[in-house]
Amino acid sequence: MQTLNVALGERAYPIHIGRGLLGRADLILPHLKTQRVAIVTNEVVGPLYLERLRAGLEDAGVRTAAVVLPDGEAHKDWETLARIFDMLLAERCERSTTLVALGGGVVGDMGGFAAACYQRGMPFIQVPTTLLSQVDSSVGGKTAINHPLGKNMIGAFYQPRLVLADIDTLDTLPDRELSAGLAEVIKYGLIRDPGFLAWLELNLDRLMARDTDALAWAIERSCRNKAEVVAADETEQGERALLNLGHTFGHAIETGLGYGEWLHGEAVAAGTMMAAELSRRLGWIDAAAV
């Protein structure tokens, strides 16, 4: 297991990366305020990993409740968010209850936003299960839902207490989702880490083949890059805007086509190419760079 730290003073938190972490309640317990946890997951991830997570916690004496949401970007909305609040209220969860988001970027974004809002703020933990969420959306505290007029336009900056990235969950990830996640991985090389970009060019086949060592290295390097940027500019007043490479065009693609038609990483990949072409037209880079 590798551990990184997001340096945010008193709100600093660890990112644990490795195999077999879902059942390791010992990694979660130090970050709970009380022995109560509310888990948010979806109908794809839940059947695969919910019971493994719950069993580890309940064996350690933690009471758990859970809500299983519909899957997909099309459900990242007010109606689905309300289902999280329905569960929290029905289970009489308190401000000291910890919300655990078990899933990809949609689950993490909605779970984090619900945690930021419920009783004006409850602690939450990210347990990302896709490559994209492990390298990007679970780290940094951006939470949101979509609106028909714009993606991620309603949300909050709200940091987790822990990110637990179990590489085993990538074994069940569809190839299309894996490819989409690599768009965010490549982004880090493009914006600030040329050594990483060179490594990616040599090792892309290993990543697509789900080589354990290659995946662990790519996730760790990506999280390290993001943690450094977030620590320097938590609320995106300057440097953190670098992380949005490809996202301006990408979000427009997702909104225009309808949420869920393209995966987020696919839209970001296309958006990155569009940003490069625009930069060429403005004279900022040459055709060779594009």
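Is glutamine 119 buried, partly exposed or exposed? The points below take up this residue, the helix before it and the cysteines.

1. The model is predicted, so that local features need pLDDT of at least 70 and side-chain atom pairs count only at pLDDT 80 or more, while totals for chains, interfaces and linings use all residues. Residues are numbered from 1 along each chain as its sequence is written, and side-chain values use heavy atoms, leaving out hydrogens and water.

2. Glutamine 119 is partly exposed, at a relative accessible area of 33% (buried is under 20%, exposed over 50%, partly exposed in between, with a 1.4 Å probe and protein chains only). Although glutamine 119 is not a glycine, its phi is positive, at about 50 degrees. This residue lies in the loop between helix 4 (105-117) and strand 6 (124-128); helices (H or I, at least four residues) and strands (E, at least two) are DSSP runs numbered from the N terminus.

3. In helix 4, 12 of the 13 residues are buried, among them Val106, Met110 and Phe113. The end C-alpha atoms are 18 Å apart, in agreement with the 18 Å expected for 13 residues, the expected span being 1.5 Å times one less than the number of residues.

4. Arginine 210, another residue other than glycine, has a positive phi near 65 degrees. Its place is the loop between helix 7 (194-208) and helix 8 (212-232).

5. The count of disulfides (pairs of cysteine sulfur atoms within 2.5 Å) is zero. The sulfur of cysteine 117 is 15 Å from the closest cysteine sulfur, that of cysteine 93, which is too far for a bond. Cysteine 117 is partly exposed at 37% relative accessibility, whereas cysteine 223 is buried at 0%.
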